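Subject: Structure handover

Hello,

Here is the structure for you to load. My notes come after it.

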Amino acid sequence: MEASDGTRLAYEVEGQGPPLVLHLGAGCDSRLWRAAGYVKPLAHSYSCILFDHRGHGLSDNPRGAVNYHLDRLTADVVELLDLLGFASTAFWGYSSGISPGVRLAERFPDRVWALVASGSVGPPDTPEDLAAWSASSAAEFREHGWDKLIARFEAQEPEPIPEWMTASIRETDVGQFIDLIESYVDWHWEEWDALPALKAPVLFLTGELEDEDDDVGRIIKTMRHGELLRMAGFGHINAFLNTATVLPRVQSFLAAHTPRL
């Protein structure tokens with residue numbers, strides 16, 4: 001598809017049934033959903049929309065922070081749903097892919113009937129702290145590419161991260177992640193503030209080691225309908241790849257909230 005700003009975005013639909021958008025974060029591409037073992041079982045019940053969001057996989061890779069602003073990422077999802085003729089969808093976002101899902105559910109509540117979030121969220125920083133973090137992080141990625149981030153992920157996990165996973169991250173252009181990081185200061189928005197007001201039910205899938213203070217547990221208590229699967233002994237990456245635990249919970253959650261036609 002071609003987004004309204006001219007960016008070409010790749011997607012694939014597998015399966016039949018109510019739509020389910022599968023949206024990744026800053027690294028890898030939509031093939032990760034297959035590699036992790038999620039697509040085949042989910043496609044029995046849902047139209048799985050595997051989306052290479054901008055800067056990833058077969059999609060265009062425009063430069064500049066404005067191209068990765070949250071509202072631009074969210075608009076891409078809306079335009080994709082319009083193209084496919086889906087009035088509403090479930091949305092599963094991993095890592096920074098959580099943000100456009102929450103924003104979509106906030107701005108267009110009738111278009112999201114369930115939200116699955118693989119990862120964690122925490123209380124917002126002050127604007128000054130966010131600006132300082134954005135500048136220092138962008139500088140780190142310019143100098144070291146993905147190396148330091150991958151090293152932090154590896155240090156977080158008691159068990160090794162699969163080599164194919166780190167290889168997939170390294171294959172992704174780090175420039176789009178730098179653009180995303182630099183766009184944060186202009187979002188003026190936080191998941192932490194938006195989640196309590198969401199109409200859609202939300203399931204968080206969070207590794208204990210990526211959320212040691214249980215911030216997700218705290219925000220869940222403020223939400224209209226929030227659930228949490230907190231996985232002991234897992235960090236950010238291996239929690240997502242813990243298919244044997246995650247998949248049954250996601251299937252149960254989606255089945256409980258799928259609209260009745």
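Below is what I found on cavities and on one helix.

First, a caution: this is a predicted model.

Cavities

How many cavities of 30 Å³ or more does a search of the whole structure find? Two.

The largest cavity has a volume of about 70 Å³. Its lining has 14 residues. Nearest the centre of this cavity lie Gly-25, His-53, Leu-73, Ser-96 and Leu-180. By type, the lining of the largest cavity splits into six nonpolar residues, seven polar and one charged.

The second largest cavity comes to about 30 Å³. Its lining consists of Ser-118, Gly-119, Leu-205, Glu-210, Met-231, His-236, Ala-239, Phe-240 and Val-246. Helix H11 gives the most to this lining, with three residues. H11 spans 236–240. The lining of the second largest cavity has five nonpolar residues, three polar and one charged. Glu-210 is the charged one.

Helix H6

H6 runs over residues 147–156. Which of its residues are buried? They are Leu-149, Ile-150 and Phe-153. Seen down the axis of H6, these buried residues fall within an arc of 95 degrees, so they line one face of the helix. The general background is simple: an α-helix has 3.6 residues a turn, so residues three or four places apart point the same way.

What covers the buried residues of H6 includes four helices: H5 (127–144), H7 (163–171), H8 (174–183) and H11. H11 therefore turns up twice in these notes: in the cover of H6 and, by the definition of lining residues, around the second largest cavity.

Best wishes

Technical notes: Residues numbered from 1 in each chain as written. Predicted model: local features only at pLDDT ≥ 70, side-chain atom pairs only at ≥ 80, totals over all residues. Heavy atoms only, no water. Buried < 20%, exposed > 50% of the residue type's maximum accessible area, 1.4 Å probe, protein only. Helix = DSSP H or I, 4+ residues; strand = E, 2+ residues; numbered from the N terminus. Arc of directions from axis to C-beta. Contact = heavy atoms within 4.5 Å. 1 Å grid on protein atoms, 1.4 Å probe; cavity = no way out; pocket = protein on both sides within 12 Å on 5 of 7 lines; lining within 4 Å. Points joined across faces, edges and corners; volume = space filled by probe spheres on them.
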